[in-house]
Amino acid sequence: SLSLPQYLGKWYFIAAAGVKESDVQMFRQMDSTVFYLDETSENALLLTGAMRVGVHCIMKNWTYTIQSGKDDLTSEGRPELQTLVWSGEWLNCTQCILLQEIERHLDPLETHDTLNRFMLYARDSALLDNKVVTAFQTQTACKNMDRFVHLPQEKGLWFWYMI
């Protein structure tokens with residue numbers, strides 16, 4: 001089961017990798033993103049994000065339910081989406097976490113594509129060096145995820161939008 005205290009707090013979104021271009025397309029227009037992960041109840045998490053897209057700052061909230069005895073989270077309103085939380089040890093980065101989103105449609109008549117992507121987050125955007133990003137890209141490519149986006153983080157973050 002999840003060890004929540006290590007995952008709560010502020011995170012910077014650094015990079016994403018996916019199997020298909022559609023898995024990472026939404027991140028290509030972003031410059032920088034910061035998230036806050038808070039526990040709202042014994043089995044629920046609230047992820048609040050401020051994303052800089054061009055000159056605009058877009059705020060979003062996601063609510064996740066922690067499933068007892070499992071390491072995956074269920075996203076409110078998207079029961080087909082499985083979210084797995086991985087420690088940064090996979091990349092030798094103790095100040096990193098990875099989220100893996102997997103969406104599988106079991107109905108053979110379903111026309112939507114499946115989703116399979118990893119997203120890399122770090123406690124401090126300046127802390128993350130290119131070695132970690134390169135390791136992330138290499139490790140995910142070994143999992144057939146050769147679509148990759150690294151946020152440029154050139155325009156700065158709009159922190160005053162965050163609670």
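## Burial and overall layout

A residue is called buried when its relative accessible area is under 20%, exposed when that area is over 50%, and partly exposed when it falls in between. The structure described here is a predicted model, and these words are used throughout in the sense just given. Of the 163 residues that make up the chain, 43% count as buried.

The secondary structure of the chain comes to 2 helices and 9 strands. Read from the N terminus on, these elements follow the order β-α-β-β-β-β-β-β-β-α-β. One of the helices, H2, covers residues 130–141, and a loop separates this helix from strand E9, which covers residues 147–150.

## Salt bridges

A search of the whole structure finds 6 salt bridges. One of them joins Arg28 to Glu21, and the closest N and O atoms of this pair are 2.6 Å apart. Arg28 has a relative accessibility of 39%, and therefore counts as partly exposed. Its partner Glu21 is also given as partly exposed, because its relative accessible area is 27%.

Another salt bridge brings together the side chains of Glu103 and Arg78, with an N to O distance of 3.2 Å. Glu103 belongs to strand E7 and Arg78 to strand E6, so this pair ties together parts of the chain that are 25 residues apart in sequence. The two partners fall into separate classes of burial: Glu103 counts as buried at 10% relative accessibility, whereas Arg78 is partly exposed, with a relative accessible area of 32%. Salt bridges that share partners join Arg78, Glu80 and Glu103 into one network. A further salt bridge links Arg147 with Asp146, where the closest N and O atoms are 3.2 Å apart, and Arg147 is partly exposed, with a relative accessible area of 33%.

## A buried charge without a salt bridge

Asp31 is found in strand E2, and this residue is buried yet has no salt bridge. The nearest side chain of opposite charge is that of Arg52, which is 5.2 Å away; a salt bridge requires a side-chain nitrogen of Lys or Arg within 4 Å of a carboxyl oxygen of Asp or Glu, so the pair does not qualify. The side chain of Asp31 does, however, make a polar contact with the side chain of Ser32, at 3.3 Å.

## The largest pocket

The largest pocket holds about 270 Å³ of space. Its lining is made up of 19 residues, and those closest to the centre of the pocket are Met26, Trp62, Glu101, Arg117 and Met119. By residue type, the lining divides into 13 nonpolar, 2 polar and 4 charged residues.

Several strands contribute to this lining, each with at least two residues: E2 (30–41), E3 (44–53), E4 (56–66), E6 (78–87), E7 (96–103) and E8 (115–122).

## The largest cavity

Across the whole structure, a search finds 2 cavities of 30 Å³ or more. The largest cavity contains about 140 Å³ of space. It is lined by 14 residues, of which Leu37, Leu47, Val85, Ile97 and Leu99 are the closest to its centre. Strands E2, E3 and E7 are the elements that give two or more residues to this lining.

The lining of the largest cavity consists of 14 nonpolar residues, with no polar and no charged ones, while the lining of the largest pocket includes 4 charged residues.

## Positive phi angles in two loops

Asn92 has a positive phi of about 55° although it is not a glycine. The place of this residue is in the loop between E6 and E7. Asn92 counts as exposed because its relative accessibility is 74%.

Asn144, another residue other than glycine, has a positive phi near 65°. This asparagine lies in the loop between helix H2 and strand E9. At 52% relative accessibility, Asn144 is above the 50% cut-off and therefore counts as exposed.

How values were computed:
Residues numbered from 1 in each chain as written. Predicted model: local features only at pLDDT ≥ 70, side-chain atom pairs only at ≥ 80, totals over all residues. Heavy atoms only, no water. 1 Å grid on protein atoms, 1.4 Å probe; cavity = no way out; pocket = protein on both sides within 12 Å on 5 of 7 lines; lining within 4 Å. Points joined across faces, edges and corners; volume = space filled by probe spheres on them. Helix = DSSP H or I, 4+ residues; strand = E, 2+ residues; numbered from the N terminus. Nonpolar A, V, L, I, M, F, W, Y, C, P; charged D, E, K, R; others polar. Buried < 20%, exposed > 50% of the residue type's maximum accessible area, 1.4 Å probe, protein only. Lys, Arg positive; Asp, Glu negative; His and termini not counted. Polar contact = N/O pair within 3.5 Å; in protein donor to acceptor, adjacent residues only side chain to side chain.
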